[in-house]
Amino acid sequence: MRAVNTDPHLWLEDITGDAALDWVRAHNAPTVERFAGPEFDALRTAALEVLDTDTRIPYVRRRGEFLYNFWRDAQNPRGLWRRTTLESYRRDHPDWEVLIDVDALGRDDDVNWVWAGADVIEPEHDRALVSLSAGGSDAAIVREFDLTTCQFVADGFELPEAKTHLTWLDGDTVLVGTDFGAGSLTESGYPRVVKRWRRGQPLTAAETVFEGAATDVAVTARCDRTPGFERTFLTRAVDFFNDEVYQLRESPGGDELIRLDAPTDASVSAHRQWLLIELRSDWTTPTASYGAGSLLAADYDDFLAGTAELTVVFEPDDHTALHHYAWTRDKLVLVTLADVASRVQILTPGSWRADPVPEVPANTSVVVVAADDDGDEIFIDYSGFTNPSRLLHGPAGGPLHQIKAAPAFFDSANITVTQHFATSADGTAIPYFVVRPDGAAGPTLLGGYGGFEVARTPGYDGVLGRLWLARGGTYVLANIRGGGEYGPRWHTQAMREGRHLVAEDFAAVAADLVERGITTAERLGAQGGSNGGLLMGIMLTAYPHLFGALVCSVPLLDMRRYHRLLAGASWVAEYGDPDDPAEWEFIAKYSPYHNISASAEYPPVLITTSTRDDRVHPGHARKMTAALEEAGHRVRYYENIEGGHAGAADNAQVAFRSALSFSFLWEMLGGAG
């Protein structure tokens, strides 16, 4: 195990230091040279065709009379923010009004802008706070945009690059959390202070409304401007999974903070007269007990008064969990997972009667793309491993009709999808999907994530289909613990000291694939990013015999210092505190950077990251690569100078990264030509 008090590769944490970037260039060049060539170019072109095609679905969100969309293609690699009407959207070729051309804006400003979103004021829908990132980092600038004149507002609200959070209080006032200077950020690098900032006022004169502690993850504000239900909420995230939520009431005598007295690890949301509480752990009140994963409803005002009756809207079982939900004005749309397959129901508040949505087929992955919380309109997308997306539209509780359909990017006629269950080390059944062409002769790729209660569901992936399945490769998706496929308990048991369960589950799936004769260890590869990149690092150092090759992207790997790098402090609730000797004891057992063995035989690994990733520090990937080289292992490295935590800033970069990863895996796993 690597000594924790000495780190010979610490200098690689200097993100933009000359020596570190020289090291990056020296490692990028041979990786690109090794895999560049006609086959790589063909894969990159095939991926880019999927990403840039004009026939993919332009997903929209209603804001007033318009449907808004952000779009990238070959002619607009950084993208267009645009809008149209529903009547136009129904046509095969809608008429789009372009609001912001990010490529043109970047040329004008001489900055490589990446779109980071827009907060449109409601219900007026006449102004937006537009966020733009230089190169794709989480930190972004903010500019006010007039949706009537379609111009940026001269002398409007504007902020320099920071990890900023803004919300409209009214047309001339915002609540803002940003980098106000020394002491204004948390240890995780997010806003600690929220201020009330009025139009025409210098930011230095903005009035402090709320402050959190430096050890918090972040403090944020949200304003609900629904007429008759205007409310302002302040949230103090004390860690990644625990929030204190307050309603802010302004009065001539001063601001009043009213705590919403729900469990801190529950998700709390308000819609008109209703309050919803989604539980992450069991909750016992003086009158009843409720299980983790349940969704409860109450009258909002009664809850604040302490007189509310809680109604169970959804209750999980051993096979079913709540995935997500959305409101229209008078209906609640619930998407649940039953052994990882989606089900959709429409609930009527008050009676909370649940009606199925018959237009959504079974055994698909469903996303509520948009719901009009001031009307009855919903957009629901469904797809499967071999079935491209279909977008349904209509009133919640009424008939839905297909409004858009994505094209097929690969021939799925002879591809079979099956679900199996592997037995983990502690006896738990772990589901996984196998997507396999008939007579598949190529290698097998295993994917997984296993963290932060993120559920991985069986959706359509045109790039994977073209670059892997169409060549005869088999794809496997593992629904391991740490995720949210079976609700919060599937996640919480794999936190902190239970983290070993994530790796044990993934290893169990890998072994089960070999036992079933689906593949061999030599022809089995795995790929994961971010938290999934940590999983790949653990597979490399603790389970190398199970794999023939690994791809580890934008990863956490140095678990001794992760909490001191960029946003790492925000994940202590997930992984534990390395500065606590008792917690470092269990973290040290799996920290990939500290468990490299020079005597073990590791499969070849490709490690990728981004210089502009200001969430997971690129030093993780750099140092791991250097340490593996030092120990004599086979490692390839590629670092994109842009892209943020996504690892790519535009479709061309996504296509390049995909071609690189699949080329590496195919060759290392002995794929046929």
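1. Let us start at D330, which counts as partly exposed, with a relative accessibility of 47%. Please keep in mind as you read that this is a predicted model. The partner to look for is R329, which forms a salt bridge with D330; their closest N and O atoms are 3.9 Å apart. R329 is also partly exposed, at a relative accessible area of 35%. A salt bridge can count up to a limit of 4 Å between nitrogen and oxygen, so the 3.9 Å of this pair falls within that limit.

2. How many salt bridges are there by this rule? The count comes to 40, and a few of them make good places to pause on a first tour.

3. One of them brings together the side chains of E667 and R34, with 2.0 Å from N to O. This pair links distant parts of the chain, since E667 belongs to helix α13 (residues 651-668) and R34 to helix α1 (residues 18-35), with the two positions 633 residues apart. E667 counts as partly exposed at 39% relative accessibility, and R34 counts as partly exposed at 35%. Both values lie between the 20% mark for buried and the 50% mark for exposed.

4. Another salt bridge joins the side chains of R622 and E639, at 2.8 Å from N to O. R622 sits in helix α12 (residues 619-630) and E639 in strand β39 (residues 635-640), so the pair ties together parts of the chain 17 residues apart in sequence. Are these two residues buried or exposed? R622 is buried, and E639 is buried as well.

5. Salt bridges can also join up into a network. Here, D7, E13, D558, R561 and K623 are linked in this way. When you have the structure open, try selecting these five residues together.

6. Now for a sheet. Strands β1, β2, β3 and β4 form an open sheet in that order, with antiparallel pairing. The edges are held by β1 (61-63) and β4 (97-101); each has a single partner strand, so one side of each has no neighbour in the sheet. On average, neighbouring strands here are turned by 30 degrees against each other, with direction ignored. As a reminder, strands of a sheet pair through backbone hydrogen bonds, either parallel or antiparallel.

7. For a closer look at one edge, follow β1 to strand β2 (residues 66-71): the two run antiparallel and are joined by three bridges. Which residue of β2 is the bridge partner of R61? The partner is Y68. A helix belongs in this picture too: α4 (residues 102-109) lies across β2 and β4, and it runs at about 35 degrees to β4.

8. A422 is a good residue for looking at surroundings. A422 is placed in strand β32 (residues 415-423) and is buried, with a relative accessible area of 0%. Apart from neighbours within four places in sequence, A422 is in contact with T428, A429, I430, Y432, A508, V509 and D512. V312 is 110 residues away from A422 along the chain, and the C-alpha atoms of the two are separated by 33 Å.

9. Lastly, the cysteines. A disulfide is a covalent bond between the sulfur atoms of two cysteines. How many disulfides does a search of the whole structure find? The search finds zero. C150 counts as buried because its relative accessibility is 18%, under the 20% mark. C552 counts as buried too, at 3% relative accessibility.

Terms used: Residues numbered from 1 in each chain as written. Predicted model: local features only at pLDDT ≥ 70, side-chain atom pairs only at ≥ 80, totals over all residues. Heavy atoms only, no water. Disulfide = S-S within 2.5 Å. Buried < 20%, exposed > 50% of the residue type's maximum accessible area, 1.4 Å probe, protein only. Helix = DSSP H or I, 4+ residues; strand = E, 2+ residues; numbered from the N terminus. Contact = heavy atoms within 4.5 Å. Pairing = 2+ DSSP bridges. Axes fitted to C-alpha atoms, helices over the stretch in contact; angles between N-to-C directions.
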